[in-house]
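Subject: Structure handover

Hello,

Here is the structure you asked for. Please open it alongside this message; my notes follow below.

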Amino acid sequence: MHVAYYDPATGAIEQCTSGDRASLEADPRPFVELEKRPPIGFDAKHRVVDGAVVPIA
């Protein structure tokens, strides 16, 4: 499972990581599940809006 942890106030992605569901859900930060491992720099070019990852305009 691949996820992006994010700041709910700003939508900024704080960390992208992979692991088993139980380990990732044990972290109290909000996250969105990603379809695949994100490329390097993904967090600087995307943010979370209404529970979806979108490119930063």
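Start with E14, which is partly exposed, with a relative accessible area of 42%. Keep in mind that this is a predicted model.

**The salt bridges**

How many salt bridges does a search of the whole structure find? The search gives 4. Three of them are described here, beginning with the partner of E14.

E14 forms a salt bridge with R29. The closest N and O atoms of that pair are 3.8 Å apart. E14 sits in strand 2 (residues 13–18), while R29 lies in the loop between helix 1 and strand 3, so the pair ties together parts that are 15 residues apart in sequence. R29 is partly exposed, at 26% relative accessible area.

R29 also forms a salt bridge with D27. Here the closest N and O atoms are 2.9 Å apart. D27 has a relative accessible area of 21%. Buried means under 20%, so D27 counts as partly exposed.

Which residues do shared partners join into one network? They are E14, D27 and R29. R29 is the shared partner, because it forms a salt bridge with E14 and another with D27, and a salt bridge pairs a Lys or Arg nitrogen with an Asp or Glu oxygen.

**R21 and E33**

The side chains of R21 and E33 also meet in a salt bridge, at 3.4 Å from N to O. R21 lies in helix 1 and E33 in strand 3, so this pair ties together parts that are 12 residues apart in sequence. The two side chains make a polar contact as well, listed at 3.4 Å.

Take R21 on its own. Its place is in helix 1, which covers residues 21–26. R21 is partly exposed, with 43% relative accessibility. Leaving aside neighbours within four places in sequence, R21 is in contact with M1 and E33. M1 is 20 residues away from R21 along the chain. The C-alpha atoms of R21 and M1 are separated by 6.4 Å.

Now E33. This residue is found in strand 3. At 49% relative accessible area, E33 is still partly exposed, because exposed means over 50%. What does E33 touch, not counting residues up to four places away in sequence? The contacts are M1, H2, V3 and R21. M1 therefore appears in the contact lists of both R21 and E33, where contact means heavy atoms within 4.5 Å. E33 and T17 are 16 residues apart in sequence. Their C-alpha atoms are 10.0 Å apart in space.

**The nonpolar core**

Last, the interior. In soluble globular proteins, nonpolar side chains tend to be buried together. The largest nonpolar core here has 7 residues. They are A4, Y6, I13, V32, L34, F42 and V48. Strand 1 (2–6) and strand 3 (31–34) each supply at least two residues of this core.

V48 is a useful place to look in the viewer. Not counting residues up to four places away in sequence, V48 touches Y6, G11, I13, V32 and V53. Among these contacts, Y6, I13 and V32 belong to the core too.

**Where to look**

Strand 3 is worth a second look. Strand 3 supplies core residues, and E33 is found there as well. From E33, follow the salt bridge to R21. Then turn to R29, with its salt bridges to E14 and D27.

Best wishes

Technical notes
Residues are numbered from 1 along each chain as its sequence is written. This is a predicted model: local features need pLDDT of at least 70, side-chain atom pairs count only at pLDDT 80 or more; totals for chains, interfaces and linings use all residues. Side-chain values use heavy atoms; hydrogens and water are left out. A nonpolar core is a set of buried Ala, Val, Leu, Ile, Met, Phe, Trp, Tyr and Cys residues joined through side-chain atoms within 4.5 Å. Buried means under 20% relative accessible area, exposed over 50%, partly exposed in between (1.4 Å probe, protein chains only). Helices (H or I, at least four residues) and strands (E, at least two) are DSSP runs, numbered from the N terminus. A polar contact is a pair of N or O atoms within 3.5 Å; within protein, one must be able to donate a hydrogen and the other to accept it, and residues adjacent in sequence count only if both atoms are side-chain atoms.
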